Amino acid sequence: MIPMRPSSLRIATLALSVVGTTCGCGSGATASPNATQVVARIDGHELTISQLNQALVAMHAADTGPAAQQQALNALIDEELVVQAAQKATLDRDRGVMISMDADSREILLRAYTEQHIYPTGPIEDSELRRFYDANAALFSARNIYHSVAFNVEQGPLAPELQAEIDQARSVDALRAILSRKNIGFQTEEITRAAEAIPLPLLPKLAAAAAGDIVIAKSEGGRTQLFVLTGLESSPLSFDEVSSEIRQFLTAQRNRAALKSYLQQLRAASKIEYTNVNPPGTPALSQ
């Protein structure tokens, strides 16, 4: 409610991603004594119990009983057979494949480092959740579903005299008449959106409006969007209904801020040299 968030042959790889995002940083964890226990051998290559456990996670198995374990093991075996075939075909030395593997490796390292060394690990306090809820009544306690007719006007920022005239209009027909009389091109569409689906800069304007009011959205690309509010339905959300989503939103927000700050420190402490590697005839990279 906040403006915000396997193929069987790839199951083990996908499992690594799932484990990485669901188990946190795992700092200080020790390997299980059975982590390297062999569950199968395919032409001499061993599959371990840890790989099987990861595959089970990737499958989102309802249980981890014998049937689910066998299914995951069969998927691992299928994966290994194809990987071995790809290696025999020397695809692991193909330039395109090597570039993709390097990109995947970098992504895994990036995710692991940010989770273990950059993102804050402390919980978002309940009091912070409540403050966010109270500060955003239009999204939660005073949430509405807005019915409107949008006028996509083929004109940039409106002249003051035109805007004053539009402010006096109280209906779709009245606004249409004004624009037609001024020979201003427009297109209309009926829109129904809940508060969380409305851009944040526009939401306070709609929340303060009543049926019949015209709200002017920000002009972009030589066009202006006008909303004639034709009706609204009260549809509040309680704190308990949205607290988990607020927590996710605030956690993501906190992580982005931490990453931005960390990158600024890294850039300040690093020597970064830009070189012109663009094809002939294209501008050089800015320094």
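Rings of Phe, Tyr and Trp (for Trp, its six-membered ring) count as a pair if their centres lie within 6.5 Å; planes under 30 degrees apart are stacked, over 60 edge-to-face, and the rest tilted. You're looking at a predicted model, where local features need pLDDT of at least 70, side-chain atom pairs count only at pLDDT 80 or more, and totals for chains, interfaces and linings use all residues. Residues are numbered from 1 along each chain as its sequence is written, and side-chain values use heavy atoms, with hydrogens and water left out.

**Stop 1: the aromatic rings**

Searching the whole structure turns up six aromatic pairs. Select Phe151 and Phe186 to see a tilted one: the ring centres are 5.4 Å apart and the planes sit at 40 degrees. Now colour the strands. Helices (H or I, at least four residues) and strands (E, at least two) are DSSP runs, numbered from the N terminus. Phe151 belongs to strand β3 (residues 144-153) and Phe186 to strand β4 (residues 186-194), so this pair ties together parts that are 35 residues apart in sequence.

Buried or exposed: what is Phe151? Here buried means under 20% relative accessible area, exposed means over 50%, and partly exposed is in between (1.4 Å probe, protein chains only). Phe151 is buried, at 0%, while Phe186 is partly exposed, at 22%.

**Stop 2: along β4**

Stay in strand β4 and pick Glu190. Its relative accessibility is 73%, which puts Glu190 in the exposed class. Contact means heavy atoms within 4.5 Å; by that rule Glu190 touches Ser148 and Val149, not counting residues up to four places away in sequence. Then draw a C-alpha to C-alpha distance from Glu190 to Thr230: you should get 9.5 Å, for residues 40 apart in sequence.

**Stop 3: the cluster and α9**

Next, show Phe132, Tyr133, Phe140, Phe239 and Phe249, which form one aromatic cluster. Add Arg130, which lies over the face of Phe239, 4.0 Å from the ring centre. (A charge sits over a ring if NZ of Lys or CZ of Arg is within 6 Å of the ring centre and within 35 degrees of the ring normal.)

Now switch to cartoon and select helix α5 (residues 126-135) with helix α9 (residues 239-269). Their axes come within 9 Å and cross at roughly 105 degrees. Axes are lines fitted to C-alpha atoms, for helices over the stretch in contact, and angles run from 0 to 180 degrees between N-to-C directions. That makes α5 roughly perpendicular to α9; the classes are roughly parallel under 35 degrees, roughly antiparallel over 145, roughly perpendicular from 65 to 115, and oblique for the rest.

Which residues of α5 meet α9? They are Asp126, Glu128, Leu129, Arg130, Phe132 and Tyr133, and on the α9 side you'll find Phe239, Val242, Ser243, Ile246, Arg247, Phe249 and Leu250. This contact divides into eight nonpolar, one polar and four charged residues. For that count, Ala, Val, Leu, Ile, Met, Phe, Trp, Tyr, Cys and Pro are nonpolar, Asp, Glu, Lys and Arg are charged, and the others, Gly among them, are polar.

Slide along to helix α4 (residues 95-118), which packs on α9 at about 95 degrees, with the axes 11 Å apart. So α4 is roughly perpendicular to α9. Tyr113, Thr114 and Ile118 of α4 make the contact with Ala258, Leu259 and Tyr262 of α9. By class, that is five nonpolar, one polar and no charged residues.

**Stop 4: positive phi**

Most residues other than glycine have a negative phi. Where does Asp43 sit? Look in the loop between β1 (38-42) and β2 (45-48). Asp43 isn't a glycine, yet its phi is positive, about 50 degrees, and at 65% relative accessibility it is exposed.

Thr90, in the loop between α3 and α4, also has a positive phi, about 60 degrees, and is partly exposed at 34%. His60 follows α2 and has a positive phi near 55 degrees. In helix α2 itself (residues 49-59), the buried residues are Ile49, Leu52, Ala55, Leu56, Ala58 and Met59.

**Last stop: Gln84**

Finish in helix α3 (residues 66-88) with Gln84, which is buried at 10% relative accessible area. Leaving aside neighbours within four places in sequence, Gln84 is in contact with Ile42, Asp43 and His45.
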